[in-house]
There are 2 protein chains.
Amino acid sequence: MTGKLSLIGCGPGAADLLTLRAVQRIAEADLILYDRLVDPEVLGHASPSAELCYVGKQCTDGGRQQADINTLLREALAEGRRVARLKSGDPMIFGRAAEEIAVAVSLDAEIEIVPGVTAALAAAAESAITVTERAELQSFVVTTGRSAEKDKEPDWAELVKPGVCVAFYMSVAQAWRIQTALMARGIPGHLPADWIENVGKPDCRWTRSRLDRLALDAREQGVKNPAILFIRYPLSAAEAEAALPVAERV
Amino acid sequence: MTGKLSLIGCGPGAADLLTLRAVQRIAEADLILYDRLVDPEVLGHASPSAELCYVGKQCTDGGRQQADINTLLREALAEGRRVARLKSGDPMIFGRAAEEIAVAVSLDAEIEIVPGVTAALAAAAESAITVTERAELQSFVVTTGRSAEKDKEPDWAELVKPGVCVAFYMSVAQAWRIQTALMARGIPGHLPADWIENVGKPDCRWTRSRLDRLALDAREQGVKNPAILFIRYPLSAAEAEAALPVAERV
């Protein structure tokens with residue numbers, strides 16, 4: 001009588017960016033695990049008999065850590081409960097899904113993953129920033145400023161290439177390091193860089209910048225996480241750069 | 001009395017992966033433009049008085065081309081209509097959004113973009129393939145096998161790096177070229193490669209392969225578009241490769 005785990009993408013904040021499937025699974029759950037990025041209105045879809053459990057783990061807000069969440073999950077599934085684990089955005093994008101899936105697999109519990117609207121695409125929609133564009137931007141990358149282990153930080157300059165739009169999650173504190181890492185490899189300082197804070201919330205804010213002003217603008221405008229940073233490198237920008245005399249590049 | 005354009009992400013096929021906001025905007029529209037990848041059930045949310053217009057442009061199915069869609073859009077907005085342009089997946093991912101936004105901007109029409117569940121994330125959810133993973137996969141890339149101009153095809157080997165999961169859209173015909181382009185640059189042939197066809201549909205199918213069998217498996221299993229191809233390069237795989245004597249690598 002092992003239970004069922006539904007890992008549910010709840011979108012980036014706005015309650016109406018929930019999918020119909022997510023609404024249904026929330027309504028069916030016995031136990032709902034949520035954190036602080038999930039809109040309170042989302043919990044209104046829960047059954048009156050469901051148990052709601054806050055497991056926020058952002059910064060030092062006193063919430064549980066991942067190991068505690070895994071323990072809670074293990075106990076609930078072993079009791080045969082239907083657990084809805086609410087994730088902001090999409091569960092597979094920086095959602096620590098692999099660890100929670102492993103708990104359910106170890107108990108031979110049923111697993112369902114409900115995909116959601118990831119924050120970068122909601123940010124693109126709010127600002128009308130096109131993350132792919134015919135003949136200009138052929139690839140779209142999501143990456144993070146924070147990494148699990150400090151010595152394995154993503155090599156950002158390997159990601160920002162001509163024809164690519166990169167969305168950085170949770171990168172405000174790394175703005176200066178991202179800027180210098182990219183410019184040190186010859187990526188043009190005039191590339192557009194845009195910060196979108198509080199995606200899907202009423203206080204959503206869009207700060208336009210460029211690569212060579214990224215950290216300065218973030219500081220002057222007081223940009224804070226949760227925020228998405230877009231850096232776009234259109235093919236035409238790379239061609240214009242290549243056409244310049246070497247002394248005038250970047 | 002210029003109209004309003006809503007570019008609406010409808011998710012990858014399953015009608016219950018529509019967001020609540022998308023349902024509402026479809027219900028409010030006077031004119032609905034849709035193509036063949038949108039689930040017929042989605043159209044059930046339309047008002048009885050709305051005009052439904054098929055503008056499919058996949059392959060050679062007799063649908064309209066983008067220029068005709070733009071003309072239709074221009075006329076409807078100029079008449080002050082509320083137009084819902086339904087896009088499969090998310091409008092900003094390979095949805096030609098920029099061109100349709102430009103039409104609305106040129107008429108000074110109101111524009112709203114409703115983000116949706118993109119096909120790669122739905123494919124990841126169906127197969128429980130984690131596209132980011134703590135200390136293993138720090139970045140996630142979406143790219144395409146097809147490009148607008150043949151001479152500007154994405155440089156796939158520049159995208160598949162240690163710590164990255166790449167989702168290729170519409171790439172079945174390029175399987176052999178992707179495989180050889182990556183292996184020619186020393187990317188290990190044993191990396192996991194997975195095809196997910198018909199994401200979000202009842203006939204969704206998952207074909208597991210590896211980089212050095214990619215094209216063979218696609219042909220033998222009869223993999224067809226619409227399909228997502230995942231190639232994952234975990235950091236631990238790169239470390240294991242680097243630890244091998246040079247003669248045994250790849």
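This passage walks through a predicted model with chains A and B, from the way the copies are related down to single residues.

Local features were taken only at pLDDT of at least 70 and side-chain atom pairs only at pLDDT 80 or more, while totals for chains, interfaces and linings use all residues. Residues are numbered from 1 along each chain, chains are lettered from A, and side-chain values use heavy atoms, leaving out hydrogens and water.

Turning chain B by 180°, with a shift of 0.0 Å along the axis, lays it on chain A with an RMSD of 0.0 Å (least squares on C-alpha atoms of residues with pLDDT of at least 70 in both). That is the relation of a two-fold axis. The copies meet through the same surface, because 100% of the interface residues of chain B are also interface residues in chain A.

Inside, the largest nonpolar core (buried Ala, Val, Leu, Ile, Met, Phe, Trp, Tyr and Cys residues joined through side-chain atoms within 4.5 Å) has 84 residues, of which A:Phe140, A:Phe230, B:Phe140 and B:Phe230 touch the most other members. A second, separate core of 54 residues includes A:Val172 and B:Val172.

As for the backbone, the peptide bond between A:Asn225 and A:Pro226 is cis, with omega about -5°, and the bond from B:Asn225 to B:Pro226 is also cis, with omega near -5°. A:Arg96 is not a glycine, yet its phi is positive, at about 55°. With 27% relative accessibility, A:Arg96 is partly exposed (between buried, under 20%, and exposed, over 50%, with a 1.4 Å probe and protein chains only). B:Met170 has a positive phi too, near 50°, but counts as buried at 19%.

Technical notes
Contact = heavy atoms within 4.5 Å.
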